[in-house]
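Work through the following exercises with the coordinates open beside the text. Each task is followed by a solution that proceeds step by step.

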Amino acid sequence: MSGGNVLALCGGVGGAKLALGLSLVLPPEKLTVVVNTGDDFTHLGLRICPDIDTVTYTLAGLSNTETGWGRAGESWEFMENLRSLGGPAWFNLGDKDLATHVERTRRLMAGEALSAVTADFAGRLGIGPAVVPMSDDEVATVVETDGGDLAFQHYFVRDRCEPAVRGIRFEGAESAMPSPGFIAALRGALDAVVVCPSNPYLSVDPLLALPGVREALAHHAAPVIAVSPIVGGRAIKGPTAKLMGELGLAVTPATIVRHYGDMLDGFVLDSEDRDLADGLGASTLITNTVMKTIEDRTGLARAVLDFAARLRA
Ligand code: FO1
């Protein structure tokens, strides 16, 4: 069990579950959660940051656990009236959730950095660990499909991940700076870097595309451990397996290990895939990685932190 500082790299729903597990087993000041912002987009004039909100709502215990995104106990008056006015109804904004987007947009327009707004919202929701956007500069994930380029939310929500993906790029990443909190975490003493089980290609790669991040992780004294987002040849949630097939990649943990490459010190494989552990090219922990209950989340978090302690030894 690590008592030291832990940096978690996180995308949307799958990542948020492990971030919650880590937040429940670590002192709040020992955990920094850096979140993907490549999904962010401007919609109805509002700057929407889905993964930041998924992580923040999850850590605050406010998230809709069925969908994994948005708030629990939502009402949808805004959407009903937007639809009656002929507005774009493909992206659902709950009435409670809407306040987050309106207030974030107001503050960003007033010149506040995304990191500051994110930290303030997390504080107001009683969240202890630091929740940090990967960058305060705009980075936009673009999905290249047979039918042309799609903004992430158009691919993921409007078109329900149906288009076949031929490539993915992160517009703005090469000139974006990692956020101050991200840089501080990478420069600080860390006991572990945990790559949460988010989609590597859509949700983790934007973070790794920021200048200097992959190198910093590859050379970091702390063990970098990724939890497999693939179990039994399929993704727990989302388009990871379909995407890998379309990119011509075998839907196996070995593909994920190769994708993360030399930055990886350890890989966490689900018990169902124990026979795939040999020759993975990274130290491997085999445990339950499917997080249905809170105990699953804290159990996986503890197992990963103990694994990190063994790798440091
Ligand atoms: N995902 C959907 O599949 N349908 C939606 O209508 C939807 C709305 C939405 C609103 C706010 C928010 O923070 C997330 C939302 N998501 C929705 C999820 C969003 O597409 C995320 O980007 C995914 O969770 C992938 O990270």
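A nonpolar core is a set of buried Ala, Val, Leu, Ile, Met, Phe, Trp, Tyr and Cys residues joined through side-chain atoms within 4.5 Å, where buried means under 20% relative accessible area, exposed over 50% and partly exposed in between (1.4 Å probe, protein chains only). The model is predicted, so local features need pLDDT of at least 70 and side-chain atom pairs count only at pLDDT 80 or more, whereas totals for chains, interfaces and linings use all residues. Residues are numbered from 1 along each chain as its sequence is written, and side-chain values use heavy atoms, with hydrogens and water left out.

**Exercise 1. Describe the nonpolar cores.**

Step 1: the largest nonpolar core has 46 residues, and those with the most contacts inside it are Leu7, Leu9, Phe182, Leu217, Tyr260 and Phe267. Step 2: helix α8 (residues 200-208) gives the most to this core, with five residues; helices (H or I, at least four residues) and strands (E, at least two) are DSSP runs, numbered from the N terminus. Step 3: apart from this core lies another, of 36 residues, among them Ala192, Ile225, Val268 and Phe307.

**Exercise 2. Locate histidine 101 and decide whether it is buried or exposed.**

Step 1: histidine 101 belongs to helix α4 (residues 95-109). Step 2: its relative accessible area is 2%, and therefore histidine 101 is buried. Step 3: leaving aside residues up to four places away in sequence, histidine 101 touches Leu46, Arg47, Ile48, Asp53 and Leu93, contact being heavy atoms within 4.5 Å.

**Exercise 3. Reconstruct the sheet that contains β6.**

Step 1: three strands form an open sheet in the order β7-β6-β8, with antiparallel pairing; two strands pair if DSSP finds at least two bridges between them. Step 2: β7 (148-151) and β8 (165-171) stand at the edges with a single partner strand each, so one side of each has no neighbour in the sheet. Step 3: six bridges join β6 (residues 140-145) to β8, and alanine 140 has glutamate 171 in β8 as its bridge partner. Step 4: α8 packs on the sheet, touching β6 and β8, and its direction makes about 25° with that of β8 (axes are lines fitted to C-alpha atoms, for helices over the stretch in contact, and angles run from 0 to 180 degrees between N-to-C directions).

**Exercise 4. Identify which atoms lie opposite the ligand's oxygen and nitrogen atoms.**

Step 1: an N or O atom in the side chain of aspartate 51 is 2.7 Å from an oxygen atom of the ligand. Step 2: a polar side-chain atom of tryptophan 69 lies 3.3 Å from a ligand nitrogen atom.

Terms used: Polar contact = N/O pair within 3.5 Å; in protein donor to acceptor, adjacent residues only side chain to side chain.
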